[in-house]
Amino acid sequence: MALADPRQHNLALDTTQQTGTPPLRPLAIFFYYRLMLATLLGILYFSKAGPTLLGHTNPELFALVVTVYFGLVIASGLLLYAARPLSLNQQTFLMVLVDICAITLLMHASGGIGSGLGMLLAVSIATGSLITRGVYASLEAAMASIFILSEQVYAHLNQTFETTSYTQAGLLGTLFFAIAILAQVMARQLKSSEALATQRQLDLANMEQLNDYVIQHMLTGIIVVDTHSTIRLMNESAWYLLGMPEVGTGSPLEQACHKLAAQLSEWDQAIHPTPEPFRPIAGGRELTAGFSMLGENNKGGAVIFLEDTATVTQQAQQMKLASLGRLTASIAHEIRNPLGAISHAEQLLKESPEIPQADRRLIDIISTNTRRVNEIIENILQLSRRGRSLPKEFLLKPWLEQFIIELARTLNLPDGVLKLQIDPDSTLIRTDPSQFRQVFVILCENSIKHFDREREALSIQISGGITRESGGPFVDVIDNGPGIAPEHVRQMFEPFFTTRNAGTGLGLYIAKELCEANRLGLDYIAVPGGGSCFRITFPGRGNQPVR
């Protein structure tokens, strides 16, 4: 996917973390301006295509200065892009100082202040003040004013020009200070705006990565597609629920899940139909999809929300079990007290020698049904008191080998009744071992209780491995009993449904509840040759999403 790996979400740096390296872009722009100025002055002078005022007072001085100025500009460029032995302020100050000296001499060689070349210093001072700020900016303006006045004094003492221009020199110096002050004010405002923009940029980056982190770690699957049903975003939950398809940003939704793409194309926003649950791959999770259109007039694509029906069912079951727990807690005392009295009276009657033999059959009926009622109460209390699942990762085969030994000893089963086959041996599962054991006890006891022949003929085959469809582990509990009638298959996991007069009808229901609590699937598969097969399926395992 285009999003960052959900295990590597690092928030943007805080504004207090500064690099300490000033930007070179303004200084580079200043360099290119000076290079263009020196080149232009040289071309205009040496080609004799420029104004006649350039160097008309002292041509030799003008030619020398413009040549040296061009060389110094080139040198400042090399210094700028070299290892930078000088700081930003120092480099800028040297550039402005060279400009002041060169332009003052060029102005003197071209007729003094009246030539207008002194105004070129305004650009250098303004740029230098914006870059350097503080003391350097004021020093540059002061030096430019001093150089202009010094040139005028020198010209007056040597009578280089016919008239003096002290007034123009003073006004030009004042202009330099005004430009420096204005540039510093603008620089402070630019700095504040830059700091605010940087802070906003960091805030947006933090918010974007936080949103990305939240989306990636949501239990609900999120897929964003454009108007052509092309995937633009898919979080980890959606990728996992769809069976870890080999897709990424830019892949068609059809490639990720054909059934989901069909539901999206058939979905009508005006009617808001309830989408049918579907399985993206054979043996995968049963999902429900919700759709929300994006963009103006709902023509900018769609957001798809994927929910695992097992999770929704689990939440509903938890609510149901909470209500059942309150109910059983309130009636357990009321039932158990009279039940205990009946059981005690039955034991006393059984010990009495005066009871006729014909009436002892009635006492046995009382005893049998008392135990059955007590068993029902125990099962319901066990279901309502069930704690949260504590999943652990462990190897399936060694765990089942130990379980088979303990179960055969507990139920006194003949050798060879329980058989085990796990391929590959390294099959790894993740579930609550205690609740997983309880499921296996229920399934095995169910096979034993419903077996209608001699116990020596019973065979319970426990097989497991990895499914090809989802890539997740599975375990089958297969017996050679009478099987389950087709008309009873849809009811077998309902509470209190049983085909045995002595049964409580809660065994398979409890097993189903425990599997759903651990996000496992428990399904019945008819065996063609006779018998029953209960399959426990685990979520698929794989790598991280394709990015």
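Here is a short chat between a trainee and a mentor about a predicted model.

Trainee: Let's start with the sheet. Which strand does β1 pair with, and over how many bridges?

Mentor: Look at residues 221-225, which form β1. One register point to find is Gly221, which stands opposite Leu306 in β4. The pairing runs in the antiparallel sense, so to speak of partner and count: it's β4, over five bridges.

Trainee: And β3, how many bridges does that one share with β4?

Mentor: Strand β3 covers residues 287-293, and its pairing with β4 is antiparallel too. You can check the register at Ser292, which sits opposite Val303 in β4. The bridge count for β3 and β4 is seven.

Trainee: How many of the seven residues in β4 are buried?

Mentor: Strand β4 takes in residues 302-308 and pairs with β3 as well as with β1. The strand is mostly covered. The number of buried residues is five.

Trainee: Over to the helices. Is Ser145 buried or exposed?

Mentor: Find Ser145 in helix α5, residues 134-157. Beyond its neighbours within four places in sequence, Ser145 is in contact with Gly173, Phe176 and Phe177. Its relative accessible area is 8%, and the cut-off is under 20%, so Ser145 counts as buried.

Trainee: What about Tyr213: which exposure class does it fall in?

Mentor: Tyr213 belongs to helix α6, residues 166-216. Together with Met207, Leu210, Val214 and Met218, Tyr213 makes a nonpolar surface patch of about 430 Å². Its relative accessible area is 38%, which lies between the 20% and 50% cut-offs, so the class is partly exposed.

Trainee: Now Pro539. How far is it from Arg519 in space, C-alpha to C-alpha?

Mentor: Pro539 lies in the segment after β11 (532-537). Setting aside residues up to four places away in sequence, it touches Tyr240, Arg285, Gly472, Pro473, Arg519 and Leu520. Pro539 and Arg519 are 20 residues apart in sequence, but the C-alpha distance is 7.6 Å.

Trainee: Last one, on cysteines. How many disulfides are there?

Mentor: Cys444 is buried, at 0% relative accessible area. Cys515 also counts as buried, with 2% relative accessibility. Burial isn't the test, though: a disulfide needs a pair of cysteine sulfur atoms within 2.5 Å. By that rule the count is zero.

Conventions:
Residues are numbered from 1 along each chain as its sequence is written. This is a predicted model: local features need pLDDT of at least 70, side-chain atom pairs count only at pLDDT 80 or more; totals for chains, interfaces and linings use all residues. Side-chain values use heavy atoms; hydrogens and water are left out. Buried means under 20% relative accessible area, exposed over 50%, partly exposed in between (1.4 Å probe, protein chains only). Helices (H or I, at least four residues) and strands (E, at least two) are DSSP runs, numbered from the N terminus. Two strands pair if DSSP finds at least two bridges between them. Patches are made of residues with over 30% relative accessible area and no salt bridge: like charges are joined within 9 Å, nonpolar side chains (Val, Leu, Ile, Met, Phe, Trp, Tyr) within 5 Å. Accessible areas come from the Shrake-Rupley method with a 1.4 Å probe; for residues, only the protein chains shown count as cover. A salt bridge is a side-chain nitrogen of Lys or Arg within 4 Å of a carboxyl oxygen of Asp or Glu. Contact means heavy atoms within 4.5 Å.
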